[in-house]
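Me: Please look at the structure below with me, and let us go through it slowly by question and answer.

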Amino acid sequence: MLWVQVAFVAAVAAAAPAPAEKRWGSDHGGHWWATPSQTSDYIDFGKRWRSRDAVNGVCDLSKAQMPVAPTPLPSPAAGLSLSHVALGRGTQNYTCDLSNSTAIPVAAGALATLFNVSCIAADLPDLLSKLSPIALDLPVPASSDKSSPVYNSMSGRHYFTDLTTAFFNLDTELHPSWGQGSFKKANASAAPADATKGQFGKGDGTVPWLKLNAKMGAVNQYQEVYRLNTAGGQPPKTCEGLPASFEVQYSAEYWLWK
Ligand SMILES: *[C@@H]1O[C@H](CO)[C@@H](O)[C@H](O)[C@H]1NC(C)=O
Ligand SMILES: *[C@@H]1O[C@H](CO)[C@@H](O)[C@H](O)[C@H]1NC(C)=O
Ligand SMILES: *[C@@H]1O[C@H](CO)[C@@H](O)[C@H](O)[C@H]1NC(C)=O
Ligand SMILES: *[C@@H]1O[C@H](CO)[C@@H](O)[C@H](O)[C@H]1NC(C)=O
């Protein structure tokens, strides 16, 4: 999965004294080093990652285990099974009441591009847990950009249809029937204290981990969605000096159950 390879190139670049330009792109060739599992997963000293299973999109999602918040979220309802894991990268939107000098930012939805990390969740959970903070420091590629090396890894889009309705649309040109759904917040739990607070080591905090339930009466191919391993996304504590609406960069894993 090219996007993850790029993520690791970026991670290594970020650790270097003079960070290279961060970009979405691919880097072919190079020296592959086999991990202890030998058969399908390769890490080139942390710079590149490749899974034959993942490239072929064949993996056993029933092996994947959701990370647990410091105060655990409720478990998925009995009978549901994990259907898809996506890495979301985008913005949380907020509004400020400029007529009120003591106003605080109010959540006003989110917009994110979703990337298919199902096989990473199944096969390489330690790697998955590192991806949100890495993705946060990368720009969001346009979902319509077919020349982007990550185009083929896009699961779809996450956005809000009204202030309290989170929508997931996994139907794209590449896979027209992966499903959609409208969700409402069912439970929230603070992110771990050491979670990434914003881009490039700065920021106002980490949005909580969430459990979302399908909205009654909505046409839903998915029943529950968890937002986990969040990075960034929190607004400043007050509206002082802020415009009437603004965006805060974030990334998170979304685990979709059906
Ligand atoms: C992408 O998602 C589909 C559907 O959820 C899944 O079957 C497939 O294994 C995934 N591919 C990768 C590379 O994660
Ligand atoms: C959230 O989940 C916790 C743990 O399962 C539970 O104790 C709490 O009541 C839930 N909160 C809401 C608002 O449902
Ligand atoms: C101003 O904002 C604060 C913080 O949200 C709120 O408690 C207060 O009621 C607001 N005042 C008015 C006049 O809306
Ligand atoms: C907030 O999100 C919407 C998409 O839901 C986007 O079009 C808009 O430009 C965003 N930003 C602001 C500042 O409203």
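Me: Which residues form one aromatic cluster with Phe168?
Reply: This is a predicted model, in which local features need pLDDT of at least 70 and side-chain atom pairs count only at pLDDT 80 or more, while totals for chains, interfaces and linings use all residues. Residues are numbered from 1 along each chain as its sequence is written, chains are lettered from A and ligands numbered from 1 in the order in which they are written, and side-chain values use heavy atoms, with hydrogens and water left out. Rings of Phe, Tyr and Trp (its six-membered ring) pair if their centres lie within 6.5 Å, and planes under 30 degrees apart count as stacked, over 60 as edge-to-face and the rest as tilted. The residues that form one aromatic cluster with Phe168 are Phe183 and Tyr254.

Me: What kind of pair do the rings of Phe168 and Phe183 make?
Reply: The structure holds four aromatic pairs. In the pair of Phe168 and Phe183 the ring centres are 5.7 Å apart and the planes stand at 85 degrees, so the pair is edge-to-face.

Me: How many residues apart in the chain are Phe168 and Phe183?
Reply: Phe168 belongs to strand E6 (residues 165-169) and Phe183 to strand E7 (residues 180-189), where helices (H or I, at least four residues) and strands (E, at least two) are DSSP runs numbered from the N terminus. The pair links distant parts of the chain, and the separation is 15 residues.

Me: Is Phe183 buried or exposed?
Reply: The word buried means under 20% relative accessible area, exposed means over 50%, and partly exposed lies in between, with a 1.4 Å probe and protein chains only. Phe168 has 0% relative accessibility and so counts as buried. With a relative accessible area of 1%, Phe183 is likewise buried.

Me: What is the angle between the planes of Phe168 and Tyr254?
Reply: Phe168 and Tyr254 form an aromatic pair that is edge-to-face, with 5.2 Å from centre to centre, and the angle between the planes is 65 degrees. This pair links distant parts of the chain, since Phe168 is in strand E6 and Tyr254 in strand E10, 86 residues apart. To come back to the value asked for, the angle is 65 degrees.

Me: What is the average twist from one strand of the closed barrel to the next?
Reply: Two strands pair if DSSP finds at least two bridges between them. With antiparallel pairing, eight strands make a closed barrel that runs E3-E4-E5-E6-E7-E8-E9-E10. From one strand to the next, the twist averages 30 degrees.

Me: Which residue in E10 stands opposite Arg227?
Reply: Nine of the nine residues of strand E9 (residues 224-232) are buried, so E9 is largely enclosed by the rest of the structure. On one side, four bridges join E9 to strand E8 (residues 209-214), and Leu212 stands opposite Val225. Seven bridges join E9 to the antiparallel strand E10 (residues 245-257), and there the residue opposite Arg227 is Tyr254.

Me: At about what angle does helix H4 run to E10?
Reply: Axes are lines fitted to C-alpha atoms, for helices over the stretch in contact (heavy atoms within 4.5 Å), and angles run from 0 to 180 degrees between N-to-C directions. Helix H4 (residues 125-136) lies across E3, E9 and E10, and its angle to E10 is about 160 degrees.

Me: Which disulfide joins parts that are 60 residues apart in sequence?
Reply: A disulfide is a pair of cysteine sulfur atoms within 2.5 Å, and two are found in the whole structure. One of them joins Cys59 to Cys119, S to S 2.2 Å. Cys59 lies in the loop between helix H2 (52-56) and E3, and Cys119 in helix H3 (residues 118-123), so the pair ties together parts that are 60 residues apart. The disulfide asked for is Cys59 to Cys119.

Me: How many residues apart are Cys96 and Cys239?
Reply: A disulfide joins Cys96 to Cys239, with 2.1 Å from S to S, and both of these cysteines are buried. The torsion about their S-S bond is about -85 degrees, so the disulfide is left-handed. Cys96 lies in the loop between E3 and E4 and Cys239 in the loop between E9 and E10, so far along the chain that the separation is 143 residues.
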